[in-house]
Amino acid sequence: MAVYVYTITGKQHPLRLDGLHGVGESAAELRVVTAGPLCAVVSDAPEDLRPKRRDIRAHEEVQDRLMADGTVLPLRFGLLAADDDAVRTALEECVDDYTDRLRALAGCSEYHLKGSQDEEALLRQILEESSEARQLNEEIRAGAADPGAPVRLGELVAREVQVRQEALATGVIEALRPFARDIDTSQPTGPDFLSVSFLVPDDQEEGFLTTELSVAHQLGADFDLRLHGPLPPYSFV
């Protein structure tokens with residue numbers, strides 16, 4: 001029977017699984033597959049596995065409990081293996097890589113930060129600070145611009161938005177970098193200019209959170225920084 005794999009730990013992890021259950025409508029029983037210095041927490045995989053709220057919550061509860069008791073390599077929702085032997089073989093074949101990753105993640109949590117800026121405020125700022133953009137805008141509004149002016153203004157504003165948002169993202173990341181063991185950036189989506197994960201050691205957490213609040217205060221009301229965490233370090237596995 002296929003098995004669902006939740007996480008990998010070292011053999012010294014207490015692996016408290018009491019009160020937890022796995023994914024699936026029948027709440028599968030959790031068990032441990034051991035291979036040398038590593039363990040994997042697994043359960044029988046349901047035949048109709050889907051990312052339902054019930055199953056995602058069960059997956060997260062397993063990760064949260066195990067992370068509270070020690071270092072884990074949290075696997076993302078939906079990872080399946082053929083059977084327990086396949087899991088054991090994977091642990092044996094990748095023992096050095098998994099052990100190194102567990103060592104790198106020891107005593108750390110992930111925090112994910114997204115950020116956006118009010119679009120109207122950003123456009124006002126560009127028109128105030130760019131004489132070229134301001135002149136083009138005034139000519140268009142007065143009906144004195146040539147037919148190509150709206151396109152040139154649009155291109156100019158787009159370049160300014162990109163440059164300013166890249167500088168903002170760099171500034172926020174550099175302010176928080178001293179508190180992180182590792183950083184993983186991803187492409188922002190929608191109106192966001194920032195999407196980054198920080199691997200934060202426990203003894204740096206207070207400084208990280210205080211600095212994030214300070215950065216948000218300094219940016220002001222036109223900005224929306226959204227911090228999520230502490231999370232299992234999915235981005236660093």
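Student: How many bridges join strand 6 to strand 8, and in which sense do the two run?

Tutor: In this predicted model, strand 6 (residues 108-117) is joined to strand 8 (residues 192-201) by nine bridges, and the two strands run antiparallel. Within this pairing, H112 stands opposite S197 of strand 8.

Student: What makes strand 6 and strand 9 count as paired?

Tutor: Pairing requires at least two bridges between the strands, and strand 6 and strand 9 (residues 223-231) share seven in the antiparallel sense, so the criterion is met. One of the facing positions is that of S116, whose bridge partner in strand 9 is D224.

Student: How do you know that strand 7 pairs with strand 8?

Tutor: The argument rests on the cut-off of at least two bridges: strand 7 and strand 8 are linked by four bridges in the antiparallel sense, and they therefore pair. Here I183 stands opposite F198 in strand 8.

Student: In what order do the four strands lie in the open sheet, and which of them are the edge strands?

Tutor: The four strands follow the order 7-8-6-9, with antiparallel pairing, and form an open sheet. Strand 7 (182-185) and strand 9 are called edge strands because each of them pairs on one side only. On average, and with direction ignored, neighbouring strands of this sheet are turned by 20 degrees against each other.

Student: Which helix packs on this sheet, and what does the helix touch?

Tutor: Helix 6 (residues 149-176) packs on the sheet and touches strand 6, strand 7, strand 8 and strand 9, while its direction makes about 15 degrees with that of strand 8.

Student: Why is strand 6 described as largely enclosed by the rest of the structure?

Tutor: A residue is buried when its relative accessible area is under 20%; nine of the ten residues of strand 6 are buried, so the strand is largely enclosed by the rest of the structure.

Student: How do you know that C39 and C94 do not form a disulfide?

Tutor: A disulfide needs two cysteine sulfur atoms within 2.5 Å, whereas the sulfur of C39 lies 16 Å from its closest cysteine sulfur, that of C94, which is too far for a bond. Accordingly, C94 is in no disulfide, and a search of the whole structure finds zero disulfides.

Student: Why is C39 called buried, and why is C94 called partly exposed?

Tutor: The relative accessible area of C39 is 4%, which falls under the 20% limit, so C39 is buried. For C94 the value is 26%, and since partly exposed covers the range between 20% and 50%, C94 counts as partly exposed.

Methods: Residues are numbered from 1 along each chain as its sequence is written. This is a predicted model: local features need pLDDT of at least 70, side-chain atom pairs count only at pLDDT 80 or more; totals for chains, interfaces and linings use all residues. Side-chain values use heavy atoms; hydrogens and water are left out. Buried means under 20% relative accessible area, exposed over 50%, partly exposed in between (1.4 Å probe, protein chains only). Axes are lines fitted to C-alpha atoms, for helices over the stretch in contact, and angles run from 0 to 180 degrees between N-to-C directions. Contact means heavy atoms within 4.5 Å.
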